[in-house]
Amino acid sequence: MRRLHRGTGVLPVVHGLKMLPGGREMVPEALRHYLETPVAVADWYPEADYETLIQILASLIPPRSVGGDVWAYFGRTAAQRDLAGLQEALAPAARMQSVGAYRRLAEGARGVLGLALRTMKLWGLYHDAGELVAFRKEDAPGILVVQIRRFSFPCDGLVDLQLAYMAEFGRLVGVRMEGRVTQSTVRGDPVCEYEFRVEPTPENLASLAKLPAV
């Protein structure tokens with residue numbers, strides 16, 4: 001079954017390819033229509049097309065120009081743009097007129113529990129396949145675990161993008177946490193799994209304790 005990706009994620013990628021020198025020429029002929037026809041944020045597009053286009057875009061951006069890691073940059077700026085309507089980290093030419101698509105949902109995220117619940121909801125706003133679940137570790141206080149199930153990424157970069165997006169979401173709502181990838185479908189694991197060490201404040205630990213444990 002063909003997987004789909006929401007235009008919210010496709011539009012900034014297409015915008016970037018139009019803006020960067022050589023971007024148009026790098027796009028395969030079969031996907032050139034994205035450069036010629038407006039992308040609607042509410043519509044759905046083939047996930048494989050999105051994955052191809054964003055990998056092309058990543059190849060065109062010098063890592064030094066975005067802090068050293070292009071995929072982490074993609075994740076951070078996507079969270080800032082879609083969840084908070086912020087574009088200060090983007091070059092002026094890369095900024096878009098319509099931002100903050102999921103700002104209302106992000107505004108309801110309070111504490112670790114709210115962050116986890118909203119993150120689970122957000123997956124379905126970008127993707128029509130797979131499932132994102134969040135839980136805590138019974139034997140590891142302060143660890144938030146996120147898994148993306150029944151969904152495979154074609155490259156490590158897209159796995160890392162999710163990590164940066166979720167960490168930035170936490171920062172935006174006041175939950176400080178550091179994350180790492182612990183499983184990846186790119187490496188042959190059954191799921192993509194991320195562990196976030198949450199700042200161990202009493203409020204964070206109490207909120208995290210409300211999540212189911214494994």
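A residue counts as buried when its relative accessible area is under 20%. Ala 72 has a relative accessible area of 14%, so Ala 72 is buried. The model shown here is predicted. The protein has 9 helices and 6 strands. Its radius of gyration is 17 Å, close to the 17 Å that the globule rule gives for 214 residues, so the protein is as compact as a globular protein of that length.

**The whole protein**

- The C-alpha trace spans about 50 × 35 × 35 Å along the principal axes of the protein.
- Of the 214 residues, 49% count as buried.
- Take the contacts between residues at least 6 apart in sequence: 61% of them join residues at least 24 apart.
- The accessible surface comes to about 10600 Å². Carbon and sulfur atoms account for 53% of that surface.
- The protein carries 25 positive and 24 negative charges. The mean positions of the two sets are 4 Å apart.

**Helix α4**

- Helix α4 covers residues 47-60, which makes 14 residues.
- From first C-alpha to last, α4 reaches 20 Å. That is close to the 20 Å expected at 1.5 Å a residue.
- The buried residues of α4 include Leu 53, Ile 54, Ile 56 and Leu 57.
- Charged residues are on the buried list of α4 too, among them Glu 47, Asp 49 and Glu 51.
- Tyr 50 and Ala 58 of α4 are also buried.

**Helix α8**

- Helix α8 runs over residues 156-172. Its 17 residues should span 24 Å at 1.5 Å a residue, and its end C-alpha atoms are 25 Å apart, which agrees.
- In α8, 12 of the 17 residues are buried, so the helix is largely enclosed by the rest of the structure.
- Among the buried residues of α8 are Leu 158, Val 159, Leu 163, Tyr 165, Met 166 and Phe 169.
- The buried residues of α8 also include Gly 157, Gln 162, Glu 168 and Gly 170.
- Gly 174 follows α8. The phi of Gly 174 is positive, near 85°.

**Where α5 meets α8**

- Ala 72 sits in helix α5, which covers residues 70-84.
- Ala 72 and Ala 164 are 92 residues apart along the chain. Their C-alpha atoms are separated by 5.1 Å.
- Leu 161 is part of helix α8. With a relative accessible area of 8%, Leu 161 is buried.
- Leu 161 and Ala 72 are 89 residues apart in sequence, yet their C-alpha atoms are 5.3 Å apart in space.
- Beyond its neighbours within four places in sequence, Leu 161 is in contact with Tyr 50, Ile 54, Trp 71, Phe 74 and Gly 75.
- Two of these partners, Tyr 50 and Ile 54, are themselves buried residues of α4.

**The end of α8**

- Leu 172 also belongs to helix α8. Its relative accessible area is 27%, and Leu 172 is partly exposed.
- Leu 172 touches Ala 79, Gln 80, Leu 83, Ala 84 and Leu 86, leaving out residues up to four places away in sequence.
- Leu 172 and Glu 107 are 65 residues apart in sequence. In space, they are 9.6 Å apart, C-alpha to C-alpha.

**Strand β2 and Trp 44**

- Trp 44 is in strand β2, which covers residues 44-46.
- At 30% relative accessibility, Trp 44 counts as partly exposed.
- Residues up to four places away are not counted in the contacts of Trp 44. The residues that Trp 44 touches include Leu 4, His 5 and Arg 6.
- Trp 44 also touches Gly 124, Leu 125, Tyr 126, His 127 and Asp 128.
- The C-alpha atoms of Trp 44 and Asp 128 are separated by 8.5 Å. Along the chain, these residues are 84 apart.

**The loop before α8**

- Arg 150 is found in the loop between β4 (143-149) and α8.
- Arg 150 is not a glycine, although its phi is positive, about 55°.
- At 61% relative accessibility, Arg 150 counts as exposed.

Methods: Residues numbered from 1 in each chain as written. Predicted model: local features only at pLDDT ≥ 70, side-chain atom pairs only at ≥ 80, totals over all residues. Heavy atoms only, no water. Helix = DSSP H or I, 4+ residues; strand = E, 2+ residues; numbered from the N terminus. Rg over C-alpha atoms; globule rule 2.2 N^0.38 Å. Buried < 20%, exposed > 50% of the residue type's maximum accessible area, 1.4 Å probe, protein only. Contact = heavy atoms within 4.5 Å. Areas by Shrake-Rupley, 256 points an atom, 1.4 Å probe, with all protein chains shown as cover. Charge placed at Lys NZ, Arg CZ, Asp CG, Glu CD. Expected span 1.5 Å × (residues − 1).
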